[in-house]
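The following dialogue concerns the reading of features in a structural model. Please keep the structure in view while reading.

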Amino acid sequence: MRVLTKVASLALLMAAPLLARSVPVAEVSATRLRADVASLVSFGTRHTLSSADDPNRGIGAARRWAAGEFRKTSAACGGCLEIVLPENTVTGERMPRPVKIINVLAIQRGTERPNEVVIVQGHIDSRVSDVMNATADAPGANDDGSGTALVLEAARVLSKRKFPTTIIYAVLSGEEQGLFGGKLLADYAKQQGWTVKAVLNNDIVGNTRGSDGVIDDKTVRVFSEGPRADGDDALRAQVRRFGGENDSPSRNLSRFVAGLAPSSSGGLQVRQVWRADRMGRGGDHLPFQEMGVPAIRFTVGVENYDHQHQDLRTEKGVVYGDTIEFMDFAYLAKVTRLNVKVITALVSAPMPPAVQAVGAVSTSTRLKWHAVPGATWYRLYRRRTDAPSWTFVQLIYPGAPDKDGFFSTELIGVRADDWLFGLSAVAGGQVTGLESPVSSAVPGGQFAPLR
Ligand SMILES: [Zn+2]
């Protein structure tokens, strides 16, 4: 077996992913985002236990409107979107009677590997102070009208293009009652046999003023888990012994997004938050992580708790409630542009390779991996074990695989004990490269469920 290894001339401090493809970020419209949020608010409440049948008020009317928006988008691209409405009847602590949870999905099938999918999602349901109050006005403009509008707008912009792999635009129900829509979609993805490359959960992405008056319109936070939720005791033992607690696929997805941010979105920076979600709170990316699917959450830089989960009221001069006037649509447009860029990159690239590092009792390290469908070459990364980001790149052009189907490359004089290694898969040539996230050569580093 012969492998050519070329050393790249640049060691990059923050190695930005290759994305040699135009991204239609200029087409994202703050005006349309505002109109969508206004439409969502107009349904009065979108509480999961509110009316499913009323033509004007409640969760049912809101869902039908969202499906209608997807249908309009599909009509404009010659029927390129398939709209499906997976449902499940559930009960739970916050669901005292059986209620039908319905997700509204639009599927834009890939032209080459339609089974590989990227999901962009927000939740359409809303709430007030009492999570069981299904009748009071619950505008949910920012939580999560913002994420829902982002999903609808991403569909409008990206449906005009064709991509090798599939995009799922998802409007979820039942988040506030117990992440039911996220679980329903995670189960649906499994039933469909999809290989889910990434889930981008957008929840509260449209305000720039915090409850303490701090203003930040330049930061979006991206939350990712460290140790993977689907890991068992055997994996935990391996990670404890050999490392990998900072190298789950969700964590590498977060690094990938941060690498794409600086040039993408009008000055929006990513603050990576290396925990699964905010203190004491959750979101619809969590059910995917439980199933071993890489998933991250986008949320504003500064949250405003006066305008989340609140009854509409004024107390001691403070106005409470999640209403549209407290949102910043220029900012929501920036977060939408970043999502559009990340989706474009992910659906244009191959899957990240599952890679192993072999280097016990050796002054050299050998990396081995199987060929990835759609990949023409690979980029090898490494970093010191205490470094946060990938810092070194080599280009790998694989020769023929060995008799067991593995590609491999030898790093002479690189001691495996002292480094973490990662590999990305690239489609296209050196100038036209479209690169996947990096997959780490650690126990549990692969972009695939463990079970
Ligand atoms: Zn939310």
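The turns below treat the domains, the core and selected loops.

Q: On what basis are residues numbered and features reported?
A: Residues are numbered from 1 along each chain as its sequence is written. The model is predicted: local features need pLDDT of at least 70, side-chain atom pairs count only at pLDDT 80 or more, and totals for chains, interfaces and linings use all residues.

Q: Which domains does the assignment give?
A: Domain bounds come from an automatic or database domain assignment. Here the assignment yields domain 1 (4-20 + 350-440) and domain 2 (25-348). Their C-alpha centres lie 32 Å apart. The contact takes 17 residues from domain 1 and 18 residues from domain 2, where two residues are in contact if their C-beta atoms, placed from the backbone, lie within 7 Å.

Q: Of what classes is the side of domain 1 that touches domain 2?
A: Ala, Val, Leu, Ile, Met, Phe, Trp, Tyr, Cys and Pro count as nonpolar, Asp, Glu, Lys and Arg as charged, and the others, Gly among them, as polar. On that side, domain 1 has 12 nonpolar, 5 polar and no charged residues.

Q: How many residues has the largest nonpolar core?
A: In soluble globular proteins, nonpolar side chains tend to be buried together. A nonpolar core is a set of buried Ala, Val, Leu, Ile, Met, Phe, Trp, Tyr and Cys residues joined through C-beta atoms within 7 Å. A residue is buried if 20 or more other C-beta atoms lie within 10 Å of its own, exposed if 12 or fewer, and partly exposed in between, with C-beta atoms placed from the backbone. The largest such core here has 115 residues, and Val120, Ala154, Tyr169, Ala170 and Ile343 have the most contacts inside it. Helix α8 (residues 329-348) gives the most to this core, with 12 residues. Helices (H or I, at least four residues) and strands (E, at least two) are DSSP runs, numbered from the N terminus.

Q: Where is Pro227 found, and is Pro227 buried or partly exposed?
A: Pro227 sits in the loop between β9 (219-223) and α5 (233-242). Pro227 counts as partly exposed because it has 17 C-beta neighbours inside 10 Å. Helix α5 lies largely in the open, because 1 of its 10 residues is buried.

Q: Which phi does Lys316 take, and is Lys316 buried or exposed?
A: Lys316, a residue other than glycine, has a positive phi near 50°. Lys316 is exposed because it has 4 C-beta neighbours inside 10 Å.
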